[in-house]
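Please read the following briefing alongside the sequence and the coordinates. It takes up metal coordination and then the nonpolar packing.

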Amino acid sequence: MKSIHFWGAAGDVTGSNFVLTANNGDQVMVDIGMSQGSRENEDSNFRLLDYDISNIRAVLITHAHLDHIGKLPILAKMGFSAPMYCTEATKKIAEISLMDSVHISKEDGRGDMAYTADEVEQILSLMKLVEYDQPITVFGFTATYRNAGHILGSASIEISHTDDQIQNIIFSGDLGNSPQDLIPPTTLIERATTVVMESTYGDSAHPVEDVRAIFLSEINTIEKTNGTLLIPAFSIERTQELLHLMDHLKQTGEMLEQTPVFLDSPMAIKVTKIFEQSEDLYNLELKQDNTPFGFSGLSFTLRSDESKDIIRHKGAKVIIAGSGMMSGGRIMHHLKHFIEKSSTRILIVGYQAEGTLGREIEEGAQRVHIDDASFDVHAHVTRIKSMSSHADQPRLLKWLAHIKDVKKIYLVHGENPQREILAEKILSDLGYANVSMPMMGDELPVE
Ligand SMILES: [Zn+2]
Ligand SMILES: [Zn+2]
């Protein structure tokens, strides 16, 4: 193989997009995700690609987060018709999140730039399913998907080509925070000559917290005060982890049987259904549980009138709603109703980006604006920092240390400070000096 083009997530966390070129010019693409953050970045998500895609024989998809798949419909706009390979769970979740972003892009005023449901359908029709550890071949390329342990269906992808018997390249995709509550641990990679790895948390170890205890204390508090526990949560993985945790707490009686829980997010409800159908992807503990995401008192409020009715429910209750950063979605109307009550507790379980309402609330704002009205924050805010589905620095190093024959390492999917610290640590702990931090648009050799 000749080279890798780094078209995204090079000096940045989001927007993963890589193109691998064989000596004969054949190419495969690995991921094509959205950039998230500034409006300028986000505008680029709806533009046609400015590089030639005519030699791309396949798209290999690591997992269904939008920063890895969000620009797939752009390929449909460009008339792309080569196969796209992913696991079954990735395809199912991709369908939900791509359709969701069709709506979001319309509401966002993207106009003609927004992509359409038809384009998403075209993409879905190009998808071919792969199993973990079962190699597939396309032109001279062989690709093997390994369970990355990050979210349901996530993969690291090993790629070789008939043009060189020695080279083997691994794209880590996003690596998991193993062991995770729902899915099996990250499959370690035995051998690779070139490693393209994520570095999101390359600078630090996740804090050690007793998530169960913090969570239980929040629930027991609202049970005593008849308050409301609001949890803004991401639809994929985090929501199902929370449901499974409550499933346990209800089984042990630590959470009252009668305390109602509302899953108030159409997307999270759909993703939870996919989890329920994916028993083969559960970890050993989850496989023992007949109804890991179901317990008494749990309601799925799919329709918006059902969502509005929740506020009429007197007494203690738990509401899980999107969006995870409180930047839209149904959590907004719950915040308007509950944020001024001192019996309300807001439990933040994920990263809150700068500029979001979630970040303001996390940082202790006394007064916030929601849809042109302003509200005093009387709710109590608690933050769980350790619920992450990403590997931290020790896990990244452990993953890399397992791989034999490494000649070259490219650090992607991380901001510069994080990947610089990781590069130093890779040198000091593992002795690899051949670590590069590609920039957007670089074409660099496969070793
Ligand atoms: Zn991810
Ligand atoms: Zn990612």
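The notes below cover the metal sites, the nonpolar cores and one annotated span.

This is a predicted model, in which local features need pLDDT of at least 70 and side-chain atom pairs count only at pLDDT 80 or more, while totals for chains, interfaces and linings use all residues. Residues are numbered from 1 along each chain as its sequence is written, chains are lettered from A and ligands numbered from 1 in the order in which they are written, and side-chain values use heavy atoms, with hydrogens and water left out.

**Zinc ion (ligand 1)**

- His63 (NE2), His65 (ND1), His150 (NE2) and Asp174 (OD) are the protein donors of the zinc ion (ligand 1), at 2.2 to 2.3 Å; donors are N, O and S atoms within 2.8 Å of the metal (3.2 Å for Na, K and Ca), and sites may look incomplete because water is not among the atoms.
- The site of the zinc ion (ligand 1) is irregular, with angles of 93 to 161° among its four donor atoms; irregular is anything other than tetrahedral (four donors, all angles between 85 and 135 degrees) or square planar and octahedral (four and six donors respectively, opposite donors over 155 degrees apart and all others between 65 and 115).
- His63 lies in the loop between β4 (56–60) and α2 (66–69) and Asp174 in the loop between β10 (164–171) and β11 (194–198), so this pair ties together parts that are 111 residues apart in sequence; helices (H or I, at least four residues) and strands (E, at least two) are DSSP runs, numbered from the N terminus.
- Both His63 and Asp174 are buried, meaning under 20% relative accessible area (1.4 Å probe, protein chains only).

**Zinc ion (ligand 2)**

- The zinc ion (ligand 2) has as protein donors Asp67 (OD), His68 (NE2), Asp174 (OD) and His413 (NE2), at 2.1 to 2.3 Å.
- Its arrangement is irregular because the four donor atoms subtend angles of 89 to 166°.
- Asp67 lies in helix α2 and His413 in the loop between β20 (408–412) and α14 (416–430), so the pair ties together parts that are 346 residues apart in sequence.
- Both Asp67 and His413 are buried.
- Asp174 coordinates both the zinc ion (ligand 2) and the zinc ion (ligand 1), which are 3.4 Å apart.

**Nonpolar cores**

- Leu60, Leu72 and Ile159 touch the most other members among the 102 residues of the largest nonpolar core, a core being a set of buried Ala, Val, Leu, Ile, Met, Phe, Trp, Tyr and Cys residues joined through side-chain atoms within 4.5 Å.
- Another core, apart from this one, has 20 residues, including Leu230, Ile346, Ile361 and Phe375.

**Annotated span**

- The UniProt annotation "domain: Beta-Casp" (unreviewed entry) covers residues 239–361, a span that is 38% helix and 14% strand.

Conventions:
Buried means under 20% relative accessible area, exposed over 50%, partly exposed in between (1.4 Å probe, protein chains only). UniProt positions are given in the numbering used here, feature names are shortened, and annotations may be inferred rather than shown by experiment.
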